[in-house]
Amino acid sequence: MPRSREALEALPGVGRKTANVVLNVAFGEPTMAVDTHIFRVSNRTGLAPGRNPLEVETKLMKRVPPAYLVDAHHWLILHGRYVCKARQPLCTQCGVAAWCDSAPRLGR
Ligand code: SF4
């Protein structure tokens, strides 16, 4: 399997997000594969607001401290999948509500 972004993205059906997943999971690179969960959480919380995945990715790469970059995308995905859900975010059970831009607006 290629280890560079360019080589990965040259493969059929492989875009930036998939290349980021491979670089992160297979090779331990500090990449941020912005999927629907990360995109939503980043915008809702104000952590890294953006109009498209690349904008969110770029901001997350600047915002997340280097020591956490390898694992951050897993944590954000899990948070979006199980707590900050698309339709019914569980704000009353959320461990980061105090730092979330949307918690007061959602009234939870
Ligand atoms: S407080 Fe609510 S909107 Fe904010 S991150 Fe937590 S679950 Fe998501």
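This passage walks through the fold of the protein chain, one pair of its helices, and the surroundings of its ligand.

The structure is a predicted model, so a local feature is reported at pLDDT of at least 70 and a side-chain atom pair at pLDDT 80 or more, while totals for chains, interfaces and linings use all residues. Residue numbers start from 1 along each chain, following the sequence as written.

The protein chain has six helices and zero strands; here helices (H or I, at least four residues) and strands (E, at least two) are DSSP runs, numbered from the N terminus. Read from that end, the elements go α-α-α-α-α-α. Taken along the principal axes, the box filled by the C-alpha atoms comes to roughly 45 × 30 × 20 Å. Of the 108 residues, 28% are buried, and a residue earns that label if 20 or more other C-beta atoms, placed from the backbone, lie within 10 Å of its own. Two residues are in contact if their C-beta atoms, again placed from the backbone, lie within 7 Å. Among contacts between residues at least 6 apart in sequence, 41% link residues at least 24 apart.

Helix H3 (36-45) turns up in several places. Its buried residues are Ile38, Phe39, Val41, Ser42, Arg44 and Thr45, and their cover includes H4 and helix H5 (69-82). Right after H3 comes glycine 46, with a positive phi near 90°.

How does H3 sit against helix H4 (residues 53-63), and at what angle do they pack? The angle is about 65°, and the axes are 10 Å apart; axes are lines fitted to C-alpha atoms over the stretch in contact, with angles running from 0 to 180 degrees between N-to-C directions. H3 and H4 are therefore roughly perpendicular, a label that covers 65 to 115 degrees. Ile38, Phe39 and Ser42 from H3 meet Pro53, Val56 and Leu60 from H4. Sorted by type, the residues of this contact are five nonpolar, one polar and no charged. Nonpolar means Ala, Val, Leu, Ile, Met, Phe, Trp, Tyr, Cys and Pro, charged means Asp, Glu, Lys and Arg, and the others, Gly among them, are polar.

H3 also helps to line the ligand: H3 and helix H6 (103-106) each give at least two residues to the shell around the ligand. There are 14 residues around the ligand, and Cys84, Cys91, Cys94, Cys100 and Ala103 come nearest; to be near, a residue needs its C-beta atom, placed from the backbone, within 6 Å of the molecule. The shell is made up of eleven nonpolar residues, two polar and one charged.

Technical notes. Parallel < 35°, antiparallel > 145°, perpendicular 65-115°, else oblique. Buried ≥ 20, exposed ≤ 12 C-beta atoms within 10 Å, placed from the backbone.
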